[in-house]
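Got your viewer open? Load the model, switch to a cartoon view and keep the selection box handy.

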Amino acid sequence: MSKIIKLSALVLIIFIALWQLSKNEKFQFFGNLIDRVETTEKVVALTFDDGPTRLKTKEILQILDESEIKATFYLVGKAIEENIQETKNIIDKGHEVGNHSYTHQRMVLKSYNFVADELEKTNELITEAGYKGEIHFRPPYGKKLFSLPYYLNNNNITTVTWDVEPETYLDKNASASDISDYVVQNTKPGSIILLHVMFKSRGNSMAAVPLIVQQLKDKGYRFVTVSELIGSSA
Ligand SMILES: [Zn+2]
């Protein structure tokens, strides 16, 4: 085999390995990443990505109110700008808010300045909306490679991913009870659950929320925000 073919094969293998690493929920090259916490206490965090949207924010806030739990919302800067009141409503209800970038692009092969701009704009919008807590970051599509973790590490920002993601493993048409069954089976003390409820297409995920809360409460779980979960790690 010629040297060039060997070298191309090597480059390809490295490329595939980096691609896999970039979407690994438990690994990044620099900085602090949390996909769940080690604890013996039956605590769990429910997290919602994307939005806020005018269409669905009210509905999820009402479900969380009725369930008497606090959740964590990873919001997109551009959507915050378009839906300031919805953002304020989430904050006023006492839920945690995190940064999910400004334009929701895959943060791989992006410059350091691009990453900095995306995160800083969104953090400012969250603060301007009245949020007082520490702001964690969740990468769009869970993707990160070099520049993003490097920026997060330099700025002491914690990356929060998840360890329970029903929507990824179930069929697109999975029912609300399929989704809640999956979550209940896969949740452990210290788990972080990821759901998307901000768009019309995710009606079954929205409908799964009260089922998930009830079934996990029945099993003795207590729902906390991601910051509280981090605080409770053993
Ligand atoms: Zn997202």
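Here is a tour in a few stops, each with something to select.

Before you click, note that this is a predicted model: local features need pLDDT of at least 70, side-chain atom pairs count only at pLDDT 80 or more, and totals for chains, interfaces and linings use all residues. Residues are numbered from 1 along each chain as its sequence is written, and side-chain values use heavy atoms, with hydrogens and water left out.

**Stop 1: the zinc ion**

Select the zinc ion: which residues coordinate it? You should find Asp50 through OD, plus His100 and His104, each through NE2, at 2.1 to 2.2 Å. Donors here are N, O and S atoms within 2.8 Å of the metal (3.2 Å for Na, K and Ca); water is not among the atoms, so the site may look incomplete. Along the sequence, the donor residues follow the spacing D-x49-H-x3-H. Asp50 sits in the loop between β2 (43-49) and α2 (57-67), while His104 sits in the loop between β4 (96-99) and α5 (112-128), so the pair ties together parts that are 54 residues apart in sequence. For these labels, helices (H or I, at least four residues) and strands (E, at least two) are DSSP runs, numbered from the N terminus.

Stay on Asp50 for a moment: is it buried or exposed? Asp50 counts as buried, because its relative accessibility is 11%. The cut-offs are under 20% relative accessible area for buried, over 50% for exposed, and partly exposed in between (1.4 Å probe, protein chains only).

**Stop 2: odd backbone in the loops**

Most residues other than glycine have a negative phi, and most peptide bonds are trans. Now select Gly51 and Pro52: the peptide bond from Gly51 to Pro52 is cis, with omega near 10°. Pro52 belongs to the loop between β2 and α2.

Hop over to the loop between β4 and α5, where you will find Ser101. Ser101 is not a glycine, yet its phi is positive, about 80°. Ser101 is also buried, with a relative accessible area of 0%. His104, in the loop between β4 and α5, has a positive phi too, about 55°, although it is not a glycine.

**Stop 3: the strands**

Select β3, residues 72-75. Which residues cover its two sides? Thr72 and Tyr74 are on one side, Phe73 and Leu75 are on the other, and all are buried.

Add β2 to the selection: β2 and β3 pair in the parallel sense over three bridges. (Two strands pair if DSSP finds at least two bridges between them.) Look for Phe48, which stands opposite Phe73 in β3. Include α2 as well, and you have a right-handed β-α-β unit made of β2, α2 and β3. To check the hand, point the strands away from you: the path from the first strand over the helix to the second runs clockwise.

Next, add β4, which runs parallel to β3 and is joined to it by four bridges. Here Tyr74 stands opposite Gly98 in β4.

**Stop 4: the pockets**

Switch on a surface and select Tyr141, Trp162, Glu165, Thr168 and His196, which lie nearest the centre of the largest pocket among its 20 lining residues. The space in this pocket comes to about 440 Å³. On a 1 Å grid over the protein atoms alone, a pocket is an open set of points where a 1.4 Å probe fits, with protein on both sides within 12 Å along at least five of seven lines; lining residues have an atom within 4 Å of a point. Helix α7 (residues 166-169) gives the largest share of the lining, four residues. By type, the lining has six nonpolar, five polar and nine charged residues.

The second largest pocket has a volume of about 210 Å³. Select Glu167, Asp171, Lys172, Ser201 and Arg202, the closest to its centre among 13 lining residues. The largest share of this lining, three residues, comes from α9.

**Last stop: the start of the chain**

Finish at Leu7 in helix α1 (residues 3-22). Leu7 counts as exposed, at 54% relative accessibility. Draw a distance from Leu7 to Thr40: they are 33 residues apart in sequence and 48 Å apart in space, C-alpha to C-alpha.

Definitions and conventions: Grid points are joined across faces, edges and corners, and a volume is the space filled by probe spheres set on the points. Ala, Val, Leu, Ile, Met, Phe, Trp, Tyr, Cys and Pro count as nonpolar, Asp, Glu, Lys and Arg as charged, and the others, Gly among them, as polar.
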